[in-house]
Each structure stands twice: as C-alpha cells, then as structure tokens.
Amino acid sequence: MSETPHNVEGDTEAPVLEPPIQAADEGLDAVERRRAHDIWVAGTEEPDWVAGSTDEGAQELLPRDIDPAVEVQRGLVVDDDYLEEPTVIEDERQIINMGPQHPATHGVLRLHMELEGETVRRVKPIIGYLHTGMEKTAETLSYMQGSTNVTRMDYLSPLNNELCYSLVVEQLLGVEIPPRAQAIRVLMTELNRIASHLIWVATFGMDIGALSMMIYGFREREAILAFFEKVTGLRMNHNYIRPGGVAADLPAGWEEDVEEALDIVRAGLTDYEDLLNGNPIFLDRTQGVGIITPEEAQAYGATGPIARAAGVNFDLRKAFPYSGIEQYEFDVPLGKYGDTHDRYLVRMEEIRQSMRIVEQILETMPPGDYRTEDRKVTPPPRKRIDESMEALIHHFKIFSEGFKVPPGEAYQAVESPRGELGMYLVAKGGSKPWRLHVRTPSFATVQALPVMMTDLIIPDVIATLASLDPVLGDVDR
Amino acid sequence: MAEETTPQEEAVDVDETVEQETEARPLPGDPILDPLAEAFPSVEFTSFQPITGPRQDTAHVAREDLIPFVTAVKDAGFETFVDTCAVDHLNRDPRYDIVINLLSMQHTQRLMIKVGLPGDDPRLDSITPVYAGANFYEREAWDLMGIVFEGHTDLTRIVLPDDWTGHPLRKDYSVGSVPVQFKGSHKSS
C-alpha cells in the first residue's frame, strides 16, 4: 500500500483507494472476461440457453437437445478431469446446492449453482429460510413497540434499524428531536457501523482462510458491545433509539468508555492490516474476484460499500443527511475496481471514518434532553405523575394504547453498514402502522449475487459472498 | 423566474408563483421532474415535505402508462433502483398501491412512482426490462401481496415456501394465533 488514504482531509474530495499495482491488470482483465460471458439479467435480452422457468428444484436449467456427455460416458471421448479443456466444458454442467446449512453462507442462504467443473456458470440465490414476517408483525405492534421488532432484522446493526424506524415515524409525527438525542443517535449508529464492519472483517478473513481474523475481529467488537451494554442494557437488539429520541441518556463517564473502545479498535485495525494487507494469499484470493460495475450496482440496487467499492460516489450520510450527521466531517472512501479487495479496503476505511465521526462527537456532544419534550410521544416525567391525575392518565394511555401518528406516507433511508436501509411507512391515523415496508440492503445485494459470481470458481464464490456481508435476517425479514 | 438567481429561498417563492400562474395542473417545480410532467399529462405529481430531510415527490401513474413513464424516468437520470412494494388499502377503490422507489445519484433526488390497482385484478407490467433490480422486489410483492407482474421472467414465491397458500401481507389475511396453555389466554378455545 502506498499511502494510508484516511489522511486525506476535506469533505468534498473522496479518497480513492488504490490497490497494489499488480491488481490493475488482473482486475480490468477480469471485468472484460466477465462481460464477455452471457450473464443472465432478468428481463433483459434472454440468451437462448435460458430454458423457461428457473424455478426452485428444477433440474433442467439447460436445454439438452444434444448431449455430448453421453459420448463421454460411452467412452468415445477420453476426458481427463484434471485438464480444463474448453472444448469439453459444455457437457459437464451440474447443479449443486450450496446451503442453506453451509457455514460459509452467513446464515441460511442457499445458492443454486450450475457448475462446470469447479467453475460456476450460473447461480440463483434462494432465500426465505429466515422469513419471520416482520412487516406483518409491524402492523400488529404499536409505534412504540415497533422498534423492538425492527431491531431484530439486521442483527449486526440493530441501532441502524431502530434509527431508520424512528426517523420515519418522526417524519409523519412532525416531531423535532433535540440536538443531544441526535448526537447520541449518530454516536451509537457509527459505533454500530464499526462493530458491524469488525464482524465483517472477522468472518471475511475466516472464509478466505485467515482464521486468526475471526478471533481478532470478534475480540475488538466486544469492546464496542460492552459499551452498548452499558448504555442500553443489551449487547444486541437494543431497542434504544425510539421515536422521539433515545431510551436513556448516556451513562456518566461514557467519554472514557468510548475512548477506550476506540483505542482497542484502532490497535486492532493496525493488526488486521499487518495481517492482511500485502499478504500474497489474501491478495490472490481477493483481487479481481467478484467484480461488479457501477452500472450494475445501480441497476440492481446494490448500495453501500459494494457500490462504493465499484466507484459509485454515493453515501446517504452525504446525499440525504439525517439526524444531524452533516455537521461532522468525514470522507467517503471509494474503490476503483469493484472487486472483493476494494470492498475490503472501503470497509476498513469506513471504520476509520466512523471513528473520526465518533471522535468529533466526543468533543462536541451538546447538552440537553435525550428525548423530545413533545408530550405526544414522550410520557410525562415521573414526578408529575404523583401530583397530576392527567399526567397519570397520559402516562397510562401512552404505554397501553400508544401514541397516534397522523395519516400519511413517508420514506426514510439511512446508511446502514450494508447500504441503503429504507423504510416506507403508511399510516392511517391509528396507533399502529397500516403498512411498514422495509427496504433492506442485503436483499438487493443478494439479488445482485449472480452478477458477481458468474464464471468464478467455488472458492472465489465463497470469497465474494463473504465480501458482500449479507445478513440473512436482513434479507428475509 | 428570469431575474431571480441569487438566494435559494427567493427562487422557491418565484417558482410557486409560476406554478399558480401558468396552468391549472401545477408542475412539480423541479428541474428534473418538470419535463416529465410535461411529457406525461396524465401523470399527477404530489409532494410531501417532512420537517427535516428532503422533499418526497410522488408520481401517480395509471397502470397502462407505467412502462413508458418508467423508461422516461430512467432516461431523466434516475439510474438507481431502490425499492418496490405493494400496499393493501382494504376497502379503497384501487385496493392496492404499488410504490416504486427510484433514486438519482447524479441529481441526489428520489422519486416514488405509485400505481393503483383494483382488488379484483391486481396486474401490472413488470418493470424488470427497465430496472433489472426490480426482479426480487416484484417476486416479493407477488409472494406477500399477490400482485401479478406481467412479463416477469420468474414470478415465483421468494420468501415463503412454494406450497404456501394465500398472500399474508393482504389485510384480509389474519395474523393468526397459537393456542397457549393458560386459562383464558386464547379467546376462541
């Protein structure tokens, strides 16, 4: 690595991460190679080998009018398994299911792969094994209970889910959030981004053979989770960010805790980069693997680090700032080739940028309330309940019936560690949402898997899948 | 419109007056959406301004016009597909709403396209020829809400098992309950 790009100052100019030079030719070459092959893009021009339905369980994915495999079986053609002859490749297609119970699929993703030897020619992701009907559940829970529901979707970044939900409810409520609550929200979500990226680099390392990374990443993440536990009471699924603010103020001495956690993460990052950057096996496994072009990323809705690794300069924190994040200074790292290695570089840099934001919050945390004083959503203080009957009734109504949200429709998106996490809320005036649709980043990412995986060998499929960081709870909801 | 160029607030004011003067059907007042509104007179634009955050524009499109309109929208710079979902407004005349959410990264702008569908015939042309990313989202809308997307290459269930009956996100599909062994906890038993 020539230079650590996080030293680049200034908001507007995004640092472009340069992979080592030998990656350049390989990466571009791989782009050309993959473009030359017929990728099946649903709905666009169908290559003639797409045979009708690609339904789950259908074993006939290829038209088999002439079957050269028969000749091989009869012994007419002598075929050596160890030689990859392009002339005999056509007859060796077989369909293999990877998952849903495969350790490298990060949960319960099933990949329906059409293999030619060890090369994946077509792949179809099959999802739904973790579907729990959260959108339907959201319609039966009041707005106050809703954040307990959404926090369980993307279980590696629960606070981002809660933030998105709270923001969309607040849009319709028209409630202003005090600056301290906003800063706490940004602090927690950025720490969550660090934790999520740490677990990503841990599992990514494990999937491509750097087993120590698994231990290291989880070890450093623990420092952040310990802070979360101190603030919210829980390590995961916090239900901390709620419509109207946050559940509780930060505990005394939180600055020291955050600084300590940041120091641990900072030291860990140096370790990871010593371990991975420049490691020839790591470079070989990641460079030029699993490429997605900017146009494909946009067409498939793949956002976040995946699009940014492809060079798409788009970060929701910059484009549509929310929760006062525009007051903090940070850069958006961009990749160049859109391959697995760029995704690694982008995420490592995003950890650093999130740490930058957290450091700024440490200095500028505003005083004030941690939730809005609007009595529409916030129960009256405990003291008032003792003196006022109305306050008691109000308190009871808010917790039994929930607050009502005026009719309307709103869409809110936040930059989750995986990309654009959006929620579309339709309210009809009651205390429960009429419809809450969640646009999860992993869903779109999984949809774009065939684009990245076609014509890779199986080990590269594992590396690509690991680099995308899909959370299956987020995909299936 | 011509003289005012400096501050943004004043420019907005001028835009509003232009809207009122020019014609009965107001333009969205946006440099990217205005040409679309002119090209498609049947499409109605509404917008919602939350107290924080950007304005949210919605285009209400008849279902016959969807494909030409979406194509024009893509040409106008909305290159990124974000989301498609279906909303069931039970007992409303067009019972379903299909909401297509598009994003223009170059203009930093969002546009929601909303199509109403009748309850007895929830069919819509698939937009996968225009946006490949709509594939899974249309399958999800079919799976959970029973919207048929014509022209979709692989309209199968996506999150539910293949042998599932019904479309659970419809409002007339009950949440259901599981009997629990506590006295009076389950009303029907």
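This report looks at a stretch of paired strands and two helix packings in chain A. Keep in mind that the model is predicted.

**The strands around β7**

Let's start with strand β7(A), residues 419-427. It is mostly covered, with nine of its nine residues counted as buried. β7(A) has a pairing with β6(A) and another with β8(A), so we can take these in turn, following the definition of pairing by at least two bridges.

Strand β6(A) spans residues 408-416 and runs antiparallel to β7(A), with nine bridges joining the two. The link between β6(A) and β7(A) is a hairpin of two residues. For a handy landmark in this pairing, look for S416(A), which sits opposite G419(A) of β7(A).

Then there is strand β8(A), residues 435-439. Its pairing with β7(A) is antiparallel too, and five bridges hold the register. Here the landmark is V426(A), which faces R435(A) of β8(A). As a general reminder when you look at strands like these, side chains in a regular strand alternate between the two faces of the sheet.

**Two helix pairs**

Now for the helices. The table sets out the geometry of each pair.

| Helix pair | Residues | Axis angle | Axis distance |
|---|---|---|---|
| α6(A) and α7(A) | 179-207 and 211-232 | about 165° | 7 Å apart |
| α13(A) and α18(A) | 340-364 and 458-468 | roughly 25° | within 9 Å |

Take α6(A) and α7(A) to begin with. Their axes meet at an angle of about 165°, which makes α6(A) roughly antiparallel to α7(A). The crossing is left-handed. On the α6(A) side, the contact residues include L191(A), I194(A), L198(A), I199(A) and M206(A). From α7(A) come, among them, L211(A), M214(A), F218(A), R221(A), I224(A) and F227(A). Sorted by class, this contact comprises 16 nonpolar, three polar and two charged residues.

What about α13(A) and α18(A)? These axes come within 9 Å and cross at roughly 25°, which makes α13(A) roughly parallel to α18(A). This crossing is left-handed as well. T340(A), R343(A) and Y344(A) of α13(A) meet A463(A), T464(A) and S467(A) of α18(A). By class, that comes to two nonpolar, three polar and one charged residues.

**Putting it together**

So which features are worth finding in the viewer? In the strands, β7(A) pairs antiparallel with β6(A) and with β8(A). In the helices, α6(A) and α7(A) pack roughly antiparallel, whereas α13(A) and α18(A) are roughly parallel.

Notes:
Residues numbered from 1 in each chain as written. Chains lettered and ligands numbered in written order. Predicted model: local features only at pLDDT ≥ 70, side-chain atom pairs only at ≥ 80, totals over all residues. Buried ≥ 20, exposed ≤ 12 C-beta atoms within 10 Å, placed from the backbone. Helix = DSSP H or I, 4+ residues; strand = E, 2+ residues; numbered from the N terminus. Axes fitted to C-alpha atoms, helices over the stretch in contact; angles between N-to-C directions. Parallel < 35°, antiparallel > 145°, perpendicular 65-115°, else oblique. Left-handed = near helix turned anticlockwise from the far one by under 90°. Contact = placed C-beta atoms within 7 Å. Nonpolar A, V, L, I, M, F, W, Y, C, P; charged D, E, K, R; others polar.
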